[in-house]
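Dear colleague,

I am handing over the structure we spoke about, and below it you will find my notes on what turned up. Please read them with the model open beside you.

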Amino acid sequence: MTIYLNGEFMPIADAKISVLDRGFIFGDGVYEVIPVYSRRAFRLAEHLKRLQHSLDGIKLANPHSDDEWTRLIDELIARNEAQDQYLYLHITRGVAKRDHAFPNPPVAPTVFMMSNPLPIPPADLLSSGVACITAPDNRWLRCDIKAIALLPNVLLRQMAVDAGCAETILIRDNAFMTEGAASNIFLVKDGKLLAPPKDNLMLPGITYDVILEIAALNGIPHEVRKISVTEIFAADELLLTSSTKEVLAITQLDGKPVGTGKPGAMFARLHKLYQNFKHDVMRGNA
Ligand code: PDD
(Lines give C-alpha, C1' and ligand atoms only; values in the text may rest on other atoms or scores of the structure.)
Protein backbone atom coordinates (compact mmCIF):
# COMPACT_ATOMS: atom_id res chain seq x y z
CA MET A 1 0.00 0.00 0.00
CA THR A 2 1.38 3.39 -1.00
CA ILE A 3 0.63 6.22 1.40
CA TYR A 4 1.38 9.94 1.44
CA LEU A 5 3.19 11.57 4.35
CA ASN A 6 4.42 15.17 4.50
CA GLY A 7 5.21 15.65 0.82
CA GLU A 8 6.26 12.11 -0.10
CA PHE A 9 4.59 8.97 -1.39
CA MET A 10 6.02 5.80 0.17
CA PRO A 11 5.18 2.22 1.21
CA ILE A 12 3.19 2.24 4.46
CA ALA A 13 5.99 0.31 6.22
CA ASP A 14 8.36 3.26 5.64
CA ALA A 15 6.00 5.89 7.08
CA LYS A 16 7.21 7.20 10.43
CA ILE A 17 6.08 10.10 12.62
CA SER A 18 7.43 11.52 15.86
CA VAL A 19 5.94 10.40 19.19
CA LEU A 20 5.66 14.12 19.96
CA ASP A 21 3.18 14.61 17.14
CA ARG A 22 0.21 16.48 18.62
CA GLY A 23 -2.10 14.01 16.90
CA PHE A 24 -0.50 11.22 18.97
CA ILE A 25 -0.25 13.24 22.19
CA PHE A 26 -3.52 15.23 22.19
CA GLY A 27 -5.62 13.91 19.30
CA ASP A 28 -5.07 17.43 17.95
CA GLY A 29 -6.09 17.06 14.33
CA VAL A 30 -8.88 16.47 11.84
CA TYR A 31 -9.61 13.91 9.13
CA GLU A 32 -11.73 13.04 6.12
CA VAL A 33 -12.90 9.77 4.56
CA ILE A 34 -13.56 9.99 0.81
CA PRO A 35 -14.94 7.13 -1.28
CA VAL A 36 -13.49 6.60 -4.76
CA TYR A 37 -15.56 4.94 -7.48
CA SER A 38 -13.92 3.87 -10.75
CA ARG A 39 -10.82 5.79 -9.62
CA ARG A 40 -12.75 9.07 -9.20
CA ALA A 41 -13.07 10.71 -5.79
CA PHE A 42 -16.78 11.02 -4.91
CA ARG A 43 -17.96 14.54 -4.08
CA LEU A 44 -14.39 15.76 -3.68
CA ALA A 45 -15.32 19.46 -3.59
CA GLU A 46 -17.77 18.79 -0.74
CA HIS A 47 -15.23 16.73 1.21
CA LEU A 48 -12.60 19.47 0.83
CA LYS A 49 -15.15 22.05 1.98
CA ARG A 50 -15.92 19.98 5.09
CA LEU A 51 -12.17 19.55 5.69
CA GLN A 52 -11.80 23.35 5.61
CA HIS A 53 -14.69 23.63 8.11
CA SER A 54 -12.95 21.15 10.44
CA LEU A 55 -9.59 22.94 10.12
CA ASP A 56 -11.27 26.28 10.84
CA GLY A 57 -12.96 24.65 13.84
CA ILE A 58 -9.58 23.75 15.37
CA LYS A 59 -7.85 26.94 14.17
CA LEU A 60 -5.34 25.13 11.97
CA ALA A 61 -4.27 26.63 8.64
CA ASN A 62 -5.07 24.47 5.62
CA PRO A 63 -1.69 23.18 4.38
CA HIS A 64 -2.96 22.94 0.77
CA SER A 65 -5.20 24.71 -1.68
CA ASP A 66 -8.08 22.68 -3.15
CA ASP A 67 -6.07 22.33 -6.39
CA GLU A 68 -3.09 20.94 -4.49
CA TRP A 69 -5.32 18.52 -2.57
CA THR A 70 -6.90 17.40 -5.83
CA ARG A 71 -3.49 16.70 -7.40
CA LEU A 72 -2.26 14.80 -4.33
CA ILE A 73 -5.49 12.80 -4.10
CA ASP A 74 -5.40 11.93 -7.81
CA GLU A 75 -1.83 10.73 -7.42
CA LEU A 76 -2.70 8.63 -4.35
CA ILE A 77 -5.57 7.02 -6.27
CA ALA A 78 -3.27 6.35 -9.25
CA ARG A 79 -0.62 4.75 -6.99
CA ASN A 80 -3.13 2.29 -5.49
CA GLU A 81 -4.63 -0.64 -7.35
CA ALA A 82 -8.33 -0.92 -6.52
CA GLN A 83 -10.89 0.67 -8.83
CA ASP A 84 -13.05 1.54 -5.84
CA GLN A 85 -11.07 2.86 -2.87
CA TYR A 86 -11.62 4.75 0.29
CA LEU A 87 -9.21 7.55 1.08
CA TYR A 88 -8.29 8.61 4.59
CA LEU A 89 -6.85 12.16 5.00
CA HIS A 90 -5.41 13.17 8.35
CA ILE A 91 -3.90 16.50 9.38
CA THR A 92 -2.46 17.24 12.81
CA ARG A 93 -1.01 20.38 14.37
CA GLY A 94 2.47 18.87 13.99
CA VAL A 95 5.37 17.99 16.25
CA ALA A 96 6.15 20.17 19.27
CA LYS A 97 7.23 20.01 22.92
CA ARG A 98 4.23 18.83 24.96
CA ASP A 99 2.09 21.82 25.95
CA HIS A 100 -1.69 22.01 25.55
CA ALA A 101 -1.48 25.50 24.01
CA PHE A 102 -0.69 25.72 20.29
CA PRO A 103 3.02 25.80 19.41
CA ASN A 104 4.10 29.42 19.01
CA PRO A 105 5.40 30.08 16.42
CA PRO A 106 3.33 27.41 14.63
CA VAL A 107 5.11 24.28 13.38
CA ALA A 108 4.52 22.43 10.10
CA PRO A 109 1.37 20.30 10.30
CA THR A 110 1.59 16.55 9.75
CA VAL A 111 -0.27 15.53 6.60
CA PHE A 112 -1.03 11.85 6.09
CA MET A 113 -3.17 10.13 3.46
CA MET A 114 -3.82 6.47 2.76
CA SER A 115 -6.05 4.45 0.48
CA ASN A 116 -7.76 1.13 1.11
CA PRO A 117 -10.03 -0.93 -1.16
CA LEU A 118 -13.64 0.23 -0.63
CA PRO A 119 -15.66 -2.60 0.95
CA ILE A 120 -19.12 -2.88 -0.64
CA PRO A 121 -21.83 -3.62 1.96
CA PRO A 122 -22.46 -7.39 1.57
CA ALA A 123 -25.75 -8.49 -0.06
CA ASP A 124 -27.05 -10.11 3.15
CA LEU A 125 -26.75 -6.80 5.01
CA LEU A 126 -28.79 -5.13 2.29
CA SER A 127 -31.51 -7.77 2.37
CA SER A 128 -31.72 -8.23 6.16
CA GLY A 129 -30.82 -4.75 7.37
CA VAL A 130 -28.77 -4.18 10.52
CA ALA A 131 -29.46 -4.19 14.25
CA CYS A 132 -28.61 -1.11 16.31
CA ILE A 133 -28.68 -0.07 19.93
CA THR A 134 -29.27 3.37 21.43
CA ALA A 135 -27.03 5.12 23.96
CA PRO A 136 -26.71 8.59 25.47
CA ASP A 137 -24.67 10.93 23.25
CA ASN A 138 -21.88 11.79 25.67
CA ARG A 139 -19.62 13.55 23.15
CA TRP A 140 -18.56 17.21 23.15
CA LEU A 141 -20.53 20.10 21.62
CA ARG A 142 -18.50 20.38 18.38
CA CYS A 143 -19.49 17.13 16.68
CA ASP A 144 -19.58 19.10 13.39
CA ILE A 145 -15.75 19.00 13.44
CA LYS A 146 -14.37 15.76 11.98
CA ALA A 147 -11.82 15.49 14.78
CA ILE A 148 -9.34 12.62 15.01
CA ALA A 149 -10.00 12.57 18.79
CA LEU A 150 -12.62 9.82 18.49
CA LEU A 151 -12.52 8.12 21.88
CA PRO A 152 -16.24 8.69 22.65
CA ASN A 153 -17.17 7.43 19.17
CA VAL A 154 -14.86 4.43 19.60
CA LEU A 155 -16.45 3.49 22.96
CA LEU A 156 -19.99 4.04 21.65
CA ARG A 157 -19.40 1.96 18.54
CA GLN A 158 -17.81 -0.83 20.62
CA MET A 159 -21.00 -0.92 22.72
CA ALA A 160 -22.82 -1.92 19.53
CA VAL A 161 -20.22 -4.55 18.63
CA ASP A 162 -20.38 -6.02 22.16
CA ALA A 163 -24.18 -6.25 21.76
CA GLY A 164 -23.78 -8.05 18.40
CA CYS A 165 -25.06 -4.94 16.59
CA ALA A 166 -23.84 -2.77 13.72
CA GLU A 167 -24.13 0.72 15.18
CA THR A 168 -25.07 2.80 18.19
CA ILE A 169 -27.68 5.52 17.66
CA LEU A 170 -26.96 8.49 19.88
CA ILE A 171 -29.55 10.28 22.01
CA ARG A 172 -28.72 13.78 23.23
CA ASP A 173 -30.09 14.98 26.60
CA ASN A 174 -32.43 11.99 26.81
CA ALA A 175 -34.55 13.86 24.25
CA PHE A 176 -33.51 13.73 20.59
CA MET A 177 -31.49 11.66 18.14
CA THR A 178 -28.29 13.13 16.72
CA GLU A 179 -26.55 10.47 14.59
CA GLY A 180 -24.73 7.14 14.80
CA ALA A 181 -21.29 6.67 16.36
CA ALA A 182 -19.84 6.66 12.81
CA SER A 183 -22.84 7.35 10.57
CA ASN A 184 -25.86 9.59 10.06
CA ILE A 185 -29.40 8.36 10.76
CA PHE A 186 -32.67 9.06 8.90
CA LEU A 187 -36.20 8.21 9.98
CA VAL A 188 -39.22 7.35 7.83
CA LYS A 189 -42.76 7.93 9.03
CA ASP A 190 -45.93 7.76 6.91
CA GLY A 191 -43.93 7.91 3.67
CA LYS A 192 -41.89 10.94 4.74
CA LEU A 193 -38.11 10.98 5.14
CA LEU A 194 -36.97 12.87 8.24
CA ALA A 195 -33.40 14.04 8.88
CA PRO A 196 -31.96 15.79 11.93
CA PRO A 197 -30.58 19.30 11.26
CA LYS A 198 -26.88 19.80 10.52
CA ASP A 199 -25.88 21.66 13.67
CA ASN A 200 -22.97 21.47 16.12
CA LEU A 201 -24.26 18.17 17.51
CA MET A 202 -23.68 16.01 14.43
CA LEU A 203 -21.19 15.50 11.64
CA PRO A 204 -22.49 17.03 8.40
CA GLY A 205 -22.35 13.81 6.38
CA ILE A 206 -21.59 13.94 2.67
CA THR A 207 -23.79 10.86 2.14
CA TYR A 208 -26.53 12.59 4.20
CA ASP A 209 -26.46 15.48 1.70
CA VAL A 210 -26.59 13.11 -1.26
CA ILE A 211 -29.62 11.31 0.21
CA LEU A 212 -31.49 14.61 0.75
CA GLU A 213 -30.56 15.75 -2.77
CA ILE A 214 -31.82 12.47 -4.23
CA ALA A 215 -35.05 12.80 -2.23
CA ALA A 216 -35.59 16.33 -3.57
CA LEU A 217 -34.79 15.31 -7.17
CA ASN A 218 -37.23 12.42 -7.04
CA GLY A 219 -40.15 14.07 -5.29
CA ILE A 220 -39.74 12.05 -2.10
CA PRO A 221 -41.40 13.94 0.78
CA HIS A 222 -38.73 14.97 3.26
CA GLU A 223 -38.17 17.30 6.17
CA VAL A 224 -35.13 18.40 8.17
CA ARG A 225 -35.97 18.86 11.84
CA LYS A 226 -35.13 17.59 15.30
CA ILE A 227 -36.19 13.96 15.81
CA SER A 228 -37.30 12.94 19.27
CA VAL A 229 -36.34 9.72 20.99
CA THR A 230 -40.02 8.69 21.09
CA GLU A 231 -40.21 9.05 17.32
CA ILE A 232 -37.32 6.72 16.63
CA PHE A 233 -39.07 3.91 18.52
CA ALA A 234 -42.27 4.55 16.52
CA ALA A 235 -40.55 4.81 13.12
CA ASP A 236 -41.75 2.91 10.06
CA GLU A 237 -38.13 2.74 8.91
CA LEU A 238 -34.71 3.87 10.11
CA LEU A 239 -31.78 4.32 7.72
CA LEU A 240 -28.05 4.61 8.31
CA THR A 241 -25.69 6.41 5.92
CA SER A 242 -21.94 6.88 5.60
CA SER A 243 -19.29 7.07 2.90
CA THR A 244 -18.23 3.47 3.46
CA LYS A 245 -21.68 1.94 4.22
CA GLU A 246 -23.64 4.04 1.68
CA VAL A 247 -27.25 3.45 2.85
CA LEU A 248 -28.41 0.58 5.05
CA ALA A 249 -31.77 -0.27 6.61
CA ILE A 250 -31.90 -0.51 10.41
CA THR A 251 -34.34 -3.31 11.10
CA GLN A 252 -33.88 -3.77 14.85
CA LEU A 253 -33.44 -1.22 17.60
CA ASP A 254 -32.59 -2.22 21.16
CA GLY A 255 -33.76 -5.75 20.34
CA LYS A 256 -37.16 -4.70 18.97
CA PRO A 257 -38.19 -4.68 15.29
CA VAL A 258 -38.22 -1.34 13.47
CA GLY A 259 -41.53 -1.17 11.55
CA THR A 260 -42.08 -4.61 10.00
CA GLY A 261 -38.58 -5.69 11.03
CA LYS A 262 -37.58 -5.88 7.35
CA PRO A 263 -35.97 -3.28 5.07
CA GLY A 264 -38.82 -1.05 3.91
CA ALA A 265 -39.96 0.62 0.71
CA MET A 266 -38.11 3.91 1.36
CA PHE A 267 -34.85 2.03 1.89
CA ALA A 268 -35.33 0.06 -1.33
CA ARG A 269 -36.06 3.24 -3.26
CA LEU A 270 -33.22 5.31 -1.84
CA HIS A 271 -30.71 2.49 -2.15
CA LYS A 272 -31.54 2.07 -5.83
CA LEU A 273 -31.48 5.82 -6.46
CA TYR A 274 -28.13 6.08 -4.66
CA GLN A 275 -26.65 3.34 -6.86
CA ASN A 276 -28.01 5.08 -9.99
CA PHE A 277 -26.62 8.41 -8.80
CA LYS A 278 -23.17 6.88 -8.29
CA HIS A 279 -23.36 5.17 -11.65
CA ASP A 280 -24.45 8.25 -13.53
CA VAL A 281 -22.37 10.89 -11.82
CA MET A 282 -19.24 9.01 -10.92
CA ARG A 283 -18.83 6.54 -13.70
CA GLY A 284 -19.23 9.27 -16.27
CA ASN A 285 -22.51 7.90 -17.67
CA ALA A 286 -24.52 11.04 -16.99
N1 PDD B 1 -17.44 8.34 9.39
N2 PDD B 1 -21.28 10.83 11.59
C3 PDD B 1 -20.11 10.38 12.09
C4 PDD B 1 -19.84 10.53 13.55
C5 PDD B 1 -19.17 9.77 11.23
O6 PDD B 1 -17.99 9.34 11.71
C7 PDD B 1 -19.48 9.61 9.83
C8 PDD B 1 -18.54 8.99 8.86
C9 PDD B 1 -20.72 10.10 9.38
C10 PDD B 1 -21.12 10.01 7.92
O11 PDD B 1 -20.44 10.97 7.14
P12 PDD B 1 -20.13 10.70 5.59
O13 PDD B 1 -21.41 10.41 4.92
O14 PDD B 1 -19.50 11.95 5.13
O15 PDD B 1 -19.21 9.52 5.53
C16 PDD B 1 -21.58 10.70 10.28
C17 PDD B 1 -16.40 7.85 8.50
C18 PDD B 1 -16.87 6.97 7.38
C19 PDD B 1 -15.29 7.24 9.34
O20 PDD B 1 -15.00 7.84 10.38
O21 PDD B 1 -14.70 6.24 8.94
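To begin with the ligand: how far from a nitrogen atom of the ligand does a polar side-chain atom of Lys146 lie? The separation is 3.4 Å, and please bear in mind, here and throughout, that this is a predicted model. A nitrogen atom of the ligand also has the side chain of Glu179 beside it, with an N or O atom of that side chain at 2.6 Å, while an oxygen atom of the ligand lies 2.7 Å from an N or O atom in the side chain of Ser243. Altogether 19 residues surround the ligand, and those that come nearest are Tyr31, Arg50, Glu179, Thr207 and Ser243.

Turning to the overall layout, the domain assignment divides the chain into domain 1, residues 2-117, and domain 2, residues 123-282, and the C-alpha centres of the two are 26 Å apart. To the contact between them domain 1 contributes 25 residues and domain 2 contributes 22 residues. The area that the two domains bury between them is about 2,000 Å², of which 65% falls on carbon and sulfur atoms. On the side of domain 1, Tyr31, Arg43 and Arg50 account for 32% of the area buried against domain 2, which is more than any other three residues supply. Tyr31 and Arg50 thus appear in two places in these notes, since both are also among the residues that come nearest to the ligand.

As for polar links across the interface, seven residue pairs are in polar contact between domain 1 and domain 2, and the rule finds one salt bridge there. Arg43 is paired in a salt bridge with Glu213, the closest N and O atoms being 2.9 Å apart. The side of domain 1 that touches domain 2 draws two or more residues from each of strand E3 (29-37), strand E4 (40-41), helix H2 (44-57) and strand E5 (85-92), and E3 gives the most, with seven residues. Sorted by class, that side of domain 1 holds ten nonpolar, nine polar and six charged residues.

In the structure as a whole there are 17 salt bridges. One that you may wish to look at joins the side chains of Glu32 and Arg50, with N to O at 2.8 Å; Glu32 belongs to strand E3 and Arg50 to helix H2, so that the pair, 18 residues apart, links distant parts of the chain.

Two points of backbone geometry remain, and they are set against a general background: most residues other than glycine have a negative phi, and most peptide bonds are trans. Ser38, which is not a glycine, has a positive phi of about 50°, and its place is in the loop between E3 and E4. The peptide bond that joins Asn104 and Pro105 is cis, with omega at about 0°, and Pro105 is found in the loop between E5 and strand E6 (110-117).

With best wishes

Note on methods: Residues are numbered from 1 along each chain as its sequence is written. This is a predicted model: local features need pLDDT of at least 70, side-chain atom pairs count only at pLDDT 80 or more; totals for chains, interfaces and linings use all residues. Side-chain values use heavy atoms; hydrogens and water are left out. Domain bounds come from an automatic or database domain assignment. Contact means heavy atoms within 4.5 Å. Buried area is the accessible area (1.4 Å probe) that two parts lose on being put together, summed over both. A salt bridge is a side-chain nitrogen of Lys or Arg within 4 Å of a carboxyl oxygen of Asp or Glu. A polar contact is a pair of N or O atoms within 3.5 Å; within protein, one must be able to donate a hydrogen and the other to accept it, and residues adjacent in sequence count only if both atoms are side-chain atoms. Helices (H or I, at least four residues) and strands (E, at least two) are DSSP runs, numbered from the N terminus. Ala, Val, Leu, Ile, Met, Phe, Trp, Tyr, Cys and Pro count as nonpolar, Asp, Glu, Lys and Arg as charged, and the others, Gly among them, as polar. A residue is near a molecule or strand if one of its heavy atoms lies within 4 Å of it.
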